[in-house]
Structures are given as structure tokens and as C-alpha cells.
Amino acid sequence: MTPAGQGGRDAGVDRLDRAGIAAMQAVLGELRRERASVSTVTEGREAWDVHVADSLSGLEVDQLVTADRIADIGSGTGFPGLALAAALPRAEVDLIESVGRKCDFMRRAIEASGLGNANVVNARAEDWAGGEGSGRYDVAVARAVGRLSVLAELASPMLAEGGILVAWKGRRDPEEEVELDRAAAEVGMESDRVIPVVPYPGSRNRHIHVLRKIGATPAGIPRRAGIARKRPYGSQ
């Protein structure tokens, strides 16, 4: 799923065994039937590409592939977490989401798919990071959730030292990346690398940002719920 190896007719299928493919088909079936409008993309090949193939592009990151515990921050409809749970059956994947109806959908999707290694956490990321989720994870993932400096602040207290955040983003934004660099000391995270990916034919300007936790969690984070987005570290 790199630019040199774009997904073909069944983008992402090579990342899943037969059970994993069946699990994703079951999840997408639940998404098609869902009436609570948890996603605007629910049908056919487009749903597979946008939800499953895009999520599996994160497996370009070796540390994600070998992780024992993964936190999906702001999981929404369950992606990338459910796709990663299907591809990495030995990993424990927590889907962290504050909106109750989305959590209800994810629970139904887990039941339908039989993904026993996925678990729904109905909580704000800041609250979970300051409590039971503190230092719990090898890897945090986030797809279409927020700016890099905000994601770094949310992820840092959940990660063990040396853990990483894998963030799905579109076109690179130099201003956003500079903001992350300015925030590094306050959030205890720094950019490790940026990987261009083409998860499915027709996708453009997709990048995976890998951020690494560089020490102990700095004092004062997580801040109160909502503050990271209102007053992000590193902003001018």
C-alpha cells in the first residue's frame, strides 16, 4: 500500500486472512444497516476502500504490527481499530469514543464480526488517559481526528515510554508539522517519520505520521477534556 504498490481490485485483502476478511464484511454489513448515521460512506467497494483499506495502510508501520496493546483514539465507527483487530488477532485493541450511539454501533459490529480482541471504551480520551488507560498502550492510532499537536497530547499519557502514535492524515501541512515541533517538550512526543501511502486506487495525498513518546509523561497532561483542541500546545 505504498505509492509503488497501490491496492488492486481488493485493496487491503492481502493484509487479512480468511477470518479477517469475513470479520470486515460483517462490520460493513452492520454499517449498511445502521440507521444512526454514524458514517456517510456505507456502500460496496467505496466502504471497503475508505474504511478497511485505508485503515490497513497503517500496517506499513512495523511497531504497530508487533504491538500487544493498541488504543484507537476517537474511534467513531470503529476504524482503524476494527480493521487492525482483524489483521492483528494477537493484539488487544481498545476503541475509545465519547459518543454513545457510535459506541453502541461498535459493540454491535464486534458482536457480528466475532472480533474478540476489540473492546469499546465509552469515554473522553483525556479522562481515559488520566485513569485506567494511563501508560497502558504500545501504540495509539487516530484517523481523521485532529491536528498533530492535539493528537500527541491525547496519546502521550496513554503510551508507555517509547510508544508511538500512528496518525492518518491527508496532504502534508508544514504549519501543522511546525506546530507539533514547538509542542514536543510539553506533550512528550516528537515526529519520528512520515510515510506516504496509497491505500486504494484513486486515493491521493495520503500520509501516515508516526510520532514517538520521548520520555515520561510530562506533568500537567492530560489537560481537562476539550482544552487540547481549544488551546493546542505549539500554536502561536
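Q: Let's start with one pair: what do the side chains of Glu92 and Arg136 form where they meet?

A: Happy to begin there! In this predicted model, the side chains of Glu92 and Arg136 meet in a salt bridge, at 2.7 Å from N to O. The pair links distant parts of the chain, 44 residues apart: Glu92 sits in strand 2 (residues 92-97), while Arg136 sits in the loop between helix 6 (125-129) and strand 4. The general idea is that side chains of opposite charge can pair when their charged atoms come close.

Q: How do I read accessibility here: what are the relative accessible areas of Glu92 and Arg136?

A: A residue counts as buried under 20% relative accessible area, as exposed over 50%, and as partly exposed in between. Glu92, with 26%, is partly exposed. Arg136, at 25%, is also in the partly exposed class.

Q: Which residue does Arg136 meet in a salt bridge of 3.6 Å?

A: That one is Asp94, whose side chain meets the side chain of Arg136 at 3.6 Å, N to O. This pair, too, links distant parts of the chain, with Asp94 in strand 2 and Arg136 in the loop between helix 6 and strand 4, 42 residues apart. Asp94 counts as buried, at 3% relative accessibility.

Q: Which residues are joined into one network by salt bridges that share partners?

A: The network consists of Arg69, Glu92, Asp94 and Arg136. To place it in context, the whole structure holds 16 salt bridges.

Q: Why does the salt bridge of Asp54 and Arg143 tie together parts that are apart in sequence?

A: Good thing to look at! The side chains of Asp54 and Arg143 meet at 2.7 Å, N to O. Asp54 belongs to helix 2 (residues 44-56) and Arg143 to strand 4 (residues 137-143), so the pair ties together parts that are 89 residues apart in sequence.

Q: Are Asp54 and Arg143 buried or exposed?

A: Asp54 is buried, since its relative accessible area is 3%. Arg143 counts as buried as well, at 15% relative accessibility.

Q: Helix 2 came up just now; what does Asp49 touch?

A: Asp49 lies in helix 2. Leaving out residues up to four places away in sequence, Asp49 touches Ala11, Asp54 and Tyr200. Asp49 is buried, with a relative accessible area of 7%.

Q: Now let me zoom out: how many helices and strands are there in the chain?

A: You can look for nine helices and seven strands. The radius of gyration is 17 Å, close to the 18 Å that the globule rule gives for 236 residues, so the chain is as compact as a globular protein of that length. Along its principal axes, the C-alpha trace spans about 45 × 40 × 30 Å.

Q: How much of the chain counts as buried, and what accounts for its contacts?

A: Of the 236 residues, 56% count as buried. Among contacts with a separation of 6 or more, 74% come from residues 24 or more positions apart.

Q: What does the chain expose, and how many positive and negative side chains does it have?

A: The chain exposes about 10400 Å², and carbon and sulfur atoms supply 44% of that area. It has 31 positive and 33 negative side chains, and the centres of the two sets lie 4 Å apart.

Conventions
Residues numbered from 1 in each chain as written. Predicted model: local features only at pLDDT ≥ 70, side-chain atom pairs only at ≥ 80, totals over all residues. Heavy atoms only, no water. Salt bridge = Lys/Arg side-chain N within 4 Å of Asp/Glu carboxyl O. Helix = DSSP H or I, 4+ residues; strand = E, 2+ residues; numbered from the N terminus. Buried < 20%, exposed > 50% of the residue type's maximum accessible area, 1.4 Å probe, protein only. Rg over C-alpha atoms; globule rule 2.2 N^0.38 Å. Contact = heavy atoms within 4.5 Å. Areas by Shrake-Rupley, 256 points an atom, 1.4 Å probe, with all protein chains shown as cover. Lys, Arg positive; Asp, Glu negative; His and termini not counted. Charge placed at Lys NZ, Arg CZ, Asp CG, Glu CD.
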